[in-house]
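Reader: I'd like a close look at one buried spot and the parts around it. Please pick one residue and work outward from there.

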Amino acid sequence: MVTKSSNVELFTDGACSGNPGPGGWGVILRWRNTERELFGGEPSTTNNRMELLAVIKGLQALKKPCRVAVHTDSQYVQKGMTQWLEGWKEKDFRVKGGGYRPNHDLWRVLDDLAATHDIVWYWVKGHAGHEENERADALARQGVDAVRMRFS
């Protein structure tokens, strides 16, 4: 049995210039007194994809199973993981008419990653002065800027 050690905090945010448009994601990982910042982006994406990708990238950066507190300003992510995911999985992420739910590819990745950790999901109000959320937002905007520079 794998013991989940370490208490890690992830502060995540996604941003998009246009929806769809160039997008970015940002993550602050905190473990004890150590912090690490990550960001990246994609040339044509949506805000919801960037919110999901921020959490995915944060969890992928962890070296072993951990107790994780994920802080997100995305109700889509927080409620998706705590309220909606099981129902989506029961239907194989399909919606009425037979097509796939938007972002099913990322939801599947996030579900697999989340299964290796003990995660508590916290929603924080965005753009309301929450220090780490503001920093994660700035990192996500850095991701947008980096994509714009790379693809302009």
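Author: Start with Val68. Val68 is buried, with a relative accessible area of 4%. Here buried means under 20% relative accessible area, exposed means over 50%, and partly exposed lies in between (1.4 Å probe, protein chains only). This is a predicted model, in which local features need pLDDT of at least 70 and side-chain atom pairs count only at pLDDT 80 or more, while totals for chains, interfaces and linings use all residues. Residues are numbered from 1 along each chain as its sequence is written, and side-chain values use heavy atoms, with hydrogens and water left out.

Val68 sits in strand β4, residues 66-72. Helices (H or I, at least four residues) and strands (E, at least two) are DSSP runs, numbered from the N terminus. Six of the seven residues of β4 are buried, so the strand is largely enclosed by the rest of the structure.

What stands opposite Val68 in β5? Ile119 does. The two strands are parallel, and six bridges join β4 to β5, residues 118-123. Strands count as paired if DSSP finds at least two bridges between them.

Now the neighbours. Set aside those within four places in sequence. Val68 is then in contact with Val8, Leu10, Leu59, Leu62, His117, Asp118, Ile119 and Val120. Contact means heavy atoms within 4.5 Å. Asp145 marks a distant point: its C-alpha atom is 29 Å from that of Val68, and the two residues are 77 apart along the chain.

Follow Val8 next. Val8 belongs to strand β1, residues 5-16. Val8 is buried too, with a relative accessible area of 5%. Beyond four places in sequence, Val8 has contacts with Arg30, Trp31, Leu62, Cys66, Arg67, Val68 and Ala69. Leu62 therefore appears in the contact lists of both Val8 and Val68. Val8 and Ile119 are 111 residues apart along the chain, and their C-alpha atoms are separated by 9.5 Å.

One contact of Val8, Trp31, leads to the β2 and β3 pair. Trp31 stands opposite Thr34 in β3. Further along, Gly26 stands opposite Phe39 in β3. Strand β2 (residues 21-31) and strand β3 (residues 34-45) run antiparallel, with 10 bridges joining them. Nine of the 11 residues of β2 are buried, so β2 is largely enclosed by the rest of the structure. In a regular strand, side chains alternate between the two faces of the sheet.

Two residues lie between the strands of this hairpin. One of the residues in that loop is Arg32. Phi of Arg32 is near 55°, a positive value in a residue other than glycine. Arg32 is exposed, with a relative accessible area of 64%.

His127 has a positive phi as well, of about 55°, and is not a glycine. His127 lies in the loop between β5 and α4 (131-151). His127 is exposed, with a relative accessible area of 59%. A peptide bond also deserves a look. The bond joining Asn19 and Pro20 is cis, with omega about 15°. Pro20 lies in the loop between β1 and β2. Most residues other than glycine have a negative phi, and most peptide bonds are trans.

Last, the whole chain. There are four helices and five strands. From the N terminus on, the order is β-β-β-α-β-α-α-β-α. The radius of gyration is 15 Å, close to the 15 Å that the globule rule gives for 152 residues, so the chain is as compact as a globular protein of that length. That radius is taken over C-alpha atoms, and the rule is 2.2 Å times the number of residues to the power 0.38. Buried residues make up 44% of the 152 residues. Among contacts between residues at least 6 apart in sequence, 67% join residues at least 24 apart.
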